[in-house]
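Student: I've got this one open on my screen and I'd like to zoom in on a single part. Could you pick one helix and walk me through its surroundings?

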Amino acid sequence: MIEAIYEEKILDNVKKINKVLKKEFKKLEKSKYFEEVRGLGLMLGIALKNKNSIGPYIGKICLKKGVYIGYYGSNNNVLRIHPALNINQKMAIEGARRVIEAVFEFEKNEKKYLNSGKFLSFFTT
């Protein structure tokens with residue numbers, strides 16, 4: 001296992017994709033919800049500022065766009081991004097684009113999502 005990490009240059013890829021993702025997520029600075037991107041390697045968190053628990057709603061939008069993210073924090077307002085360590089740059093950018101779209105979709109339709117009832121799980125309609 002450790003040999004594969006070195007032979008396949010996994011750590012080099014992690015460093016490269018970390019920079020790519022952080023650069024892509026800077027686009028979220030235009031969102032009123034964006035606070036910061038934090039984390040190391042490919043375990044990143046996008047901290048959101050809002051009194052409501054909006055992470056689950058954005059997570060559900062992401063899932064509909066084909067990207068699974070987690071959310072955590074005291075108010076579920078940190079989006080958890082953790083792609084595979086061997087993800088390539090093209091896939092990382094596409095995944096980031098979908099997450100960014102989900103944040104802006106939620107922002108544009110915030111009342112619709114928040115008034116749709118209590119969020120139960122990813123798998124409810």
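Tutor: Sure, let's take helix H3, which spans residues 55-64 and is mostly covered, with 8 of its 10 residues buried. Keep in mind that this is a predicted model. Going along the helix, the buried residues are Gly55, Pro56, Tyr57, Ile58, Gly59, Lys60, Ile61 and Cys62. So what covers them? The cover includes three strands, S2 (43-48), S3 (70-72) and S4 (78-81), along with two helices, H4 (89-108) and H5 (110-114). Past the end of H3 you come to Gly66, where phi is positive, near 90 degrees.

Two of those covering elements, S4 and H4, turn up again at the largest pocket: each of them supplies at least two residues of its lining, and so does helix H2 (10-25). H4 gives the largest share of that lining, 7 residues. In total, 18 residues line the pocket, and those nearest its centre are Val67, Pro83, Ile87, Met91 and Gly95. The space inside comes to about 260 Å³.

For a contrast with buried H3, look at Met1, in the segment before helix H1 (2-7). Met1 counts as exposed because its relative accessibility is 82%, and the cut-off for exposed is over 50%. Met1 also belongs to a nonpolar surface patch with Ile2, Tyr6 and Leu11; together they have about 550 Å² of accessible area.

Key: Residues are numbered from 1 along each chain as its sequence is written. This is a predicted model: local features need pLDDT of at least 70, side-chain atom pairs count only at pLDDT 80 or more; totals for chains, interfaces and linings use all residues. Side-chain values use heavy atoms; hydrogens and water are left out. Buried means under 20% relative accessible area, exposed over 50%, partly exposed in between (1.4 Å probe, protein chains only). Helices (H or I, at least four residues) and strands (E, at least two) are DSSP runs, numbered from the N terminus. Contact means heavy atoms within 4.5 Å. Patches are made of residues with over 30% relative accessible area and no salt bridge: like charges are joined within 9 Å, nonpolar side chains (Val, Leu, Ile, Met, Phe, Trp, Tyr) within 5 Å. Accessible areas come from the Shrake-Rupley method with a 1.4 Å probe; for residues, only the protein chains shown count as cover. A salt bridge is a side-chain nitrogen of Lys or Arg within 4 Å of a carboxyl oxygen of Asp or Glu. On a 1 Å grid over the protein atoms alone, a cavity is a set of points where a 1.4 Å probe fits but cannot get out, and a pocket is an open set with protein on both sides within 12 Å along at least five of seven lines; lining residues have an atom within 4 Å of a point. Grid points are joined across faces, edges and corners, and a volume is the space filled by probe spheres set on the points.
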